[in-house]
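Trainee: Could you take me through one part of this model closely, namely its pockets and what lines them, and then follow the elements involved into their surroundings?

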Amino acid sequence: MSVHDIMQNLGLKQLNSGVSSGKIWPKVTGPLTESKTPIDGEVIGQIQNASLEDYDKVMSLAKNAFKEWRKVPAPQRGEIIRQIGNSVREAKEDLGKLISWEMGKIYQEGLGEVQEMIDICDFAVGLSRQLYGFTMHSERPGHRMYDQYHPLGILGIITAFNFPIAVWSWNAMIAAVCGNVSIWKPSPKTPLCSIALQLILGKVMHENGLPEGVFNLVIGSNEEIADEMVNDRRIPLISATGSTNMGQQVASKVASRLGRSILELGGNNAIIVTESADLKIAIPGIVFGAVGTCGQRCTTTRRLIIHESIFGKVKEKLIHAYTQIENRVGDPLDPETLIGPMIDNDAVKKFQNALNAIRNQGGEIIYGGEILSGFPTDLYVQPALAIAENHWPIVQEETFAPLLYLINYKNFDEAISLQNEVPQGLSSAIFTRDLSESEKFLSQEGSDCGLANINIGTSGAEIGGAFGGEKDTGGGRESGSDAWKAYMRRQTNTINYSSDLPLAQGVNFDIQ
């Protein structure tokens, strides 16, 4: 099945609009851009982008929709999310293939990403009956106290190319069940995925007679739209995924207007491999973490911290594994493929620059790093292994590519220090069969990351837990657990049901 067949199945016949709000496709006036597949460089769609005037029209729709959507009882909002999840289930195969065509990840990973949206819809349906507050005992007689959560308003969502569906859904589905509306600015590298989803959502909303503007999409080819969103006082919360540099700009601008931010930024994730590690499970976990999605995940394994007694053994096993997977780089829609292309030439250039930096800083490339020949584009690369030291400048950075640094350690405290001594703090893992090591890794003396795993890799977070990281990763939390509270405003309520007016802290303010 060709990409054009997939697009037709998903209703992507009309791509002359870069703005969508539910069931309406307004005429837009921004520049025309192309979406090219990294598989072979083919242009698979042309999209008319939004102008600032178009953005303002959609904001007006969103503002009016919020006034109505917040009045819908939360369980009824959950029912709409249930229907959305079912509609995505029906389109799962086509959406998975569209992700592969537009982003380049293998089809199985594309299906996995769509499944994440289905799962978060299921999670949100249950959440719609569990938006709990708390009751407290008042210190004043005849009084009752409790707190509750109300919808916040309009959520601005800015997403990256590597997860063109899942990360948006983590935010939008939870925010919607909480009573909010959203405006989505997707990556200009993956606009078709966002348009396909908007069509699916719009159909559900239309069939239920819901107001226009609950779910909104604004596509912009440059930073103009994103800047407008970040500075817009009508948007109380911005959720942004991307680089640390991007997040710093978003955070400062949103904070300057006293808005809120959920930031999911860079990851420089490490796995510690101890003397007692079971290498039968460690090696596959390391390899998937390092090369899955061609190294273009925020949770990709970038650093491997190995005990010196098994360093040589682990190194040889990894070289053997990488030799096997090199023959499985190729067309992401081929079921035999494990690694597809990188997203674009700029990503490949950064990969090559990092390899040069490793050599210049004293490291050794022990496997891979070449651009592979015989493919329709120069976006297919050999995943690389390099021996490095943790303090080198290039190792301290996040290189969004399949490049894994091998670092040795002598004792466990040193391993934890190496793990933590980078600016980023997203995901971390350890392979060990030593209970004390695993417990220390999870303790206050252990990993300083938002995600810490035992005997699994750094990639593949489940939607049931809150996702996010510390330090330069931004501190945001999305998806499961109680991350829903970030999308709501908290209110403490005190009710006096007596005929007296006692004051707090025993204050006496006697007047006649």
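Mentor: Let me begin with the second largest pocket of this predicted model, where helix 5 (107-127), helix 6 (166-177) and helix 10 (279-291) each supply at least two residues of the lining. Helix 5 accounts for the largest share of that lining, with 4 residues. In total 25 residues line the second largest pocket, and those nearest its centre are E109, F163, F288, R297 and G460. By class, this lining divides into 13 nonpolar, 6 polar and 6 charged residues, and the space that it borders comes to about 460 Å³.

Two of the helices that supply this lining, helix 5 and helix 6, also belong to the surroundings of helix 3, since what covers the buried residues of helix 3 includes both of them, along with helix 2 (52-69), helix 4 (92-103), helix 7 (191-207) and strand 8 (215-218). Helix 3 itself runs over residues 74-90, and its 17 residues reach 25 Å from the first C-alpha to the last, close to the 24 Å expected at 1.5 Å a residue. Its buried residues are A74, R77, G78, I80, I81, I84, G85 and V88. They lie on the same side of helix 3 because they cover an arc of only 155 degrees around the axis. As a general point, an α-helix has 3.6 residues a turn, so residues three or four places apart point the same way.

Helix 10, another contributor to the lining of the second largest pocket, contains A282. This residue is counted as buried because its relative accessible area is 0%, against a cut-off of under 20%. Between the C-alpha atoms of A282 and A65 there is a separation of 49 Å, and the two residues are 217 residues apart along the chain.

The largest pocket can be described in a similar way, and its space amounts to about 1,300 Å³. Its lining is made up of 45 residues, among which G242, S243, T244, M246 and K350 are the closest to its centre. Here helix 8 (224-231), helix 9 (244-256), helix 12 (345-360) and helix 13 (393-396) each provide at least two lining residues, and helix 9 gives the most, with 7 residues. Sorted by class, the lining of the largest pocket holds 17 nonpolar, 16 polar and 12 charged residues.

Methods
Residues are numbered from 1 along each chain as its sequence is written. This is a predicted model: local features need pLDDT of at least 70, side-chain atom pairs count only at pLDDT 80 or more; totals for chains, interfaces and linings use all residues. Side-chain values use heavy atoms; hydrogens and water are left out. On a 1 Å grid over the protein atoms alone, a cavity is a set of points where a 1.4 Å probe fits but cannot get out, and a pocket is an open set with protein on both sides within 12 Å along at least five of seven lines; lining residues have an atom within 4 Å of a point. Grid points are joined across faces, edges and corners, and a volume is the space filled by probe spheres set on the points. Ala, Val, Leu, Ile, Met, Phe, Trp, Tyr, Cys and Pro count as nonpolar, Asp, Glu, Lys and Arg as charged, and the others, Gly among them, as polar. The expected span of a helix is 1.5 Å times one less than its number of residues. Buried means under 20% relative accessible area, exposed over 50%, partly exposed in between (1.4 Å probe, protein chains only). The arc is that of the directions from the helix axis to the C-beta atoms. Contact means heavy atoms within 4.5 Å.
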